Every structure is written in structure tokens, then in C-alpha cells.
Amino acid sequence: MADSQNPEASIALMNPLDAIKKSPPNVWLSSLYSFEPEKWGFLGFTEEWMRRSFVRRSTSGVLVVLYGASRSSPQDRRKIIGVQQQSHQCVYAREFMSEDDWNKKQSDSDGKKRWNYGVRTLRAWRVSRESQIDVSRFASITYKPARGQPIGAQGMPLTSDEAHRILDLDLYEVEVYGQPEMGFSAFGAAENVLTPSRPGPVSQSPHMVCEAEGRKHLYILNLKGDADAFLCEPAHGRLIVKVGFSASPNYRCRYFNHTLPKGAFRWTIHKSTFAEDRAPFPCSGHALEGEKAMKDLLEKSGKSLGGEFFLAGSDEIEVAWRRGLAVAENWRPK
């Protein structure tokens with residue numbers, strides 16, 4: 001049961017941006033193995049005194065910036081991967097996990113003893129893969145390798161400069177276990193995404209996702225599944241692809257998968273400048289010309305499926321990709 005001495009039936013949360021700009025900021029740093037607020041609806045502590053210390057030293061609505069611990073996947077390790085907003089409602093882990101996830105935790109001899117004392121998570125945002133940075137750069141004062149264990153166990157408050165670095169990240173809000181479903185959320189700069197309240201359900205009607213001007217990556221997505229069945233005609237080994245550009249190809253891929261019904265077809269990233277470790281183009285002008293060059297080539301060498309979608313062979317896609325990169329890199333504003 002929730003701690004009866006600390007109920008928060010009606011929680012007035014601090015505006016996330018106010019938490020960042022407060023002096024001192026109401027922002028902490030912690031670590032975890034994987035960022036899964038849709039499965040863990042709380043921030044966990046192993047000892048009750050650790051939870052009491054966190055509640056005493058922070059204000060309800062505190063933001064917790066999370067980085068991947070040593071046991072995280074290699075791509076998340078030591079990277080800033082998420083931000084959560086915590087209430088001061090004290091809970092026990094079992095209350096804010098599914099039965100399957102609780103049983104999985106209890107079956108782990110290490111996990112069974114840890115993170116059972118929680119404070120409830122009310123909102124959470126995932127950091128786009130393209131804007132993740134190393135924790136040593138993000139929290140250059142607070143984080144030291146020797147502090148890794150206490151930071152993960154208890155958390156530590158960030159300095160004002162470190163807290164403001166959240167605003168350099170691109171985020172999108174994600175579901176939190178125990179909170180109302182929110183639908184698909186918008187992606188963007190933290191300053192725009194960290195709104196005072198959760199967005200309402202997103203319209204189920206098809207719509208375009210618009211991004212603010214800024215740095216862009218080129219990408220090609222590949223629709224995985226039986227292409228013959230999808231097209232209702234033989235694909236002859238060719239791939240169904242979509243070309244485009246975005247600040248976050250990973251998020252864009254996630255968005256297009258969200259628009260598909262659950263089934264045998266899923267979009268995956270076939271090519272992206274981010275995946276190739278290339279710097280993003282400084283503005284959409286570069287990426288727009290690169291996208292146009294890819295579309296023109298695929299229109300001639302492959303088969304148009306309408307708009308940004310094509311049917312093409314692997315070699316044709318590779319040629320179009322290299323052409324798109326060259327055009328984008330050489331574009332200059334008139």
C-alpha cells in the first residue's frame with residue numbers, strides 16, 4: 001500500500017521548466033539499467049532511508065535525469081537516456097509494476113532485494129537517440145566515476161548549469177505505468193516538449209508531423225514483411241522504402257510504426273546519416289535537396305509507390321543514398 005503518511009491524492013506539480021530554472025534547480029541525476037517507465041511507474045530505492053532523503057531534499061515535481069548504468073545496453077551505457085518527473089507519493093514497487101514485470105524482478109536474486117521503496121513517477125520523456133550525450137559531458141561537475149554507485153542508489157542534485165543542459169536535448173513523452181494512456185506524443189526541443197501538463201489523446205486521423213527548423217539527418221526506411229503480399233504483386237526481391245529527413249530518424253521510424261496496425265509489417269531504418277556517424281546537416285535546405293535527389297533517382301531506377309515511397313533493389317537504393325548525401329553536402333543557399 002502507499003505510504004499513508006504521505007498521500008498525494010491531488011498533486012499540484014511544479015512546471016518542468018520551472019524545476020530547471022529554479023535556484024537551486026529541482027533537478028536530480030540518477031542511473032538505471034534500462035529506461036522503461038511504461039513498465040516501472042516509480043523511481044526505486046533499495047533502502048527506505050534513501051527514499052526519505054530524496055523526498056526531504058527535493059520538491060514534489062522534481063525532475064530526475066537518467067543515464068544508462070554499467071549493466072545497460074552498450075548503446076545506452078553512460079548516455080543520458082531519459083527524464084522523469086516524480087511526485088513525493090511513497091509507494092511500494094509491487095503497486096506500480098505489472099504482475100509479469102514484478103515476477104521477473106523477483107526471479108532475479110539481485111533485483112529481488114533492490115528498488116522496492118519507490119516514489120511515484122507521473123511523467124516521463126525519452127531522449128532522442130540523436131541528442132543523447134555522455135553523462136560526463138552533461139553533468140561535468142556532479143558526475144564522477146567514483147560517484148556512480150551513490151548516484152544510482154540515492155541520486156544527486158544537479159547544478160544550475162547542468163540542469164539547463166536538459167534544454168539542449170530533443171525529447172518525446174512516453175507512457176508511465178499507472179497513468180492514463182496518452183496516445184502518441186510530439187517530438188521536439190525540450191523547451192517545447194516539457195509542458196506543464198501531459199498532452200491529451202492524439203487524434204487517430206492521419207496527419208503530418210511537422211518539425212521546427214534546425215539540424216536534420218537524411219534517412220531511408222525499409223518496410224519489413226512480405227513485400228509480395230503488401231503490393232499484391234511480385235516484388236522480385238526489391239525493397240519497399242521511404243526516403244526523408246528529420247532531426248531524429250529513430251523517432252520518425254517510431255512514428256510511422258505507430259500509424260500501422262499491429263501485424264507483420266514494421267518500418268526499420270535502412271540508412272541514416274546518424275547511423276553512419278555523420279554530423280546532421282545544419283538546416284533543412286541541405287536535407288531537402290538530398291531527399292529530392294534520392295527521390296529523382298529512385299523514380300527512374302525503381303518504381304514510385306507515391307510520394308516518398310518507392311520499390312527498389314538494394315543496389316539502386318545504395319546509389320540513390322550516395323547521390324543524396326553528395327547533393328546535400330554540396331548544397332549552398334542562393
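Here is a short walk through the aromatic pairs and the largest pocket of this structure, which is a predicted model.

Let's start with the aromatics. A search of the whole structure turns up 12 aromatic pairs. One of them joins F187 and Y251, with ring centres 4.8 Å apart and planes at 25° to each other. Planes under 30 degrees apart count as stacked, so this pair gets that label. If you trace the chain, you'll see that the two partners come from distant parts of it: F187 belongs to strand β8 (residues 187-189), Y251 belongs to helix α9 (residues 249-258), and they are 64 residues apart.

Are these two residues buried or exposed? The cut-off for buried is under 20% relative accessible area. F187 has 14%, so it counts as buried, and Y251 is buried too, at 2%.

Now move to another group of rings. Y33, W40, F42 and W115 come together as one aromatic cluster. Two members of that cluster, Y33 and W115, turn up again in the largest pocket, where they are listed with S31, L32 and S34 as the lining residues nearest the centre.

That pocket has a volume of about 1,100 Å³, and 42 residues line it. Which elements supply at least two residues each? They are strands β1 (27-32), β2 (42-45) and β3 (62-68), along with helices α2 (48-57), α3 (99-107) and α5 (148-154). Helix α5 gives the largest share, 5 residues. As for chemistry, the lining is a mix of 17 nonpolar, 14 polar and 11 charged residues.

Conventions:
Residues numbered from 1 in each chain as written. Predicted model: local features only at pLDDT ≥ 70, side-chain atom pairs only at ≥ 80, totals over all residues. Heavy atoms only, no water. Phe/Tyr/Trp six-rings, centres within 6.5 Å; stacked < 30°, edge-to-face > 60°. Helix = DSSP H or I, 4+ residues; strand = E, 2+ residues; numbered from the N terminus. Buried < 20%, exposed > 50% of the residue type's maximum accessible area, 1.4 Å probe, protein only. 1 Å grid on protein atoms, 1.4 Å probe; cavity = no way out; pocket = protein on both sides within 12 Å on 5 of 7 lines; lining within 4 Å. Points joined across faces, edges and corners; volume = space filled by probe spheres on them. Nonpolar A, V, L, I, M, F, W, Y, C, P; charged D, E, K, R; others polar.
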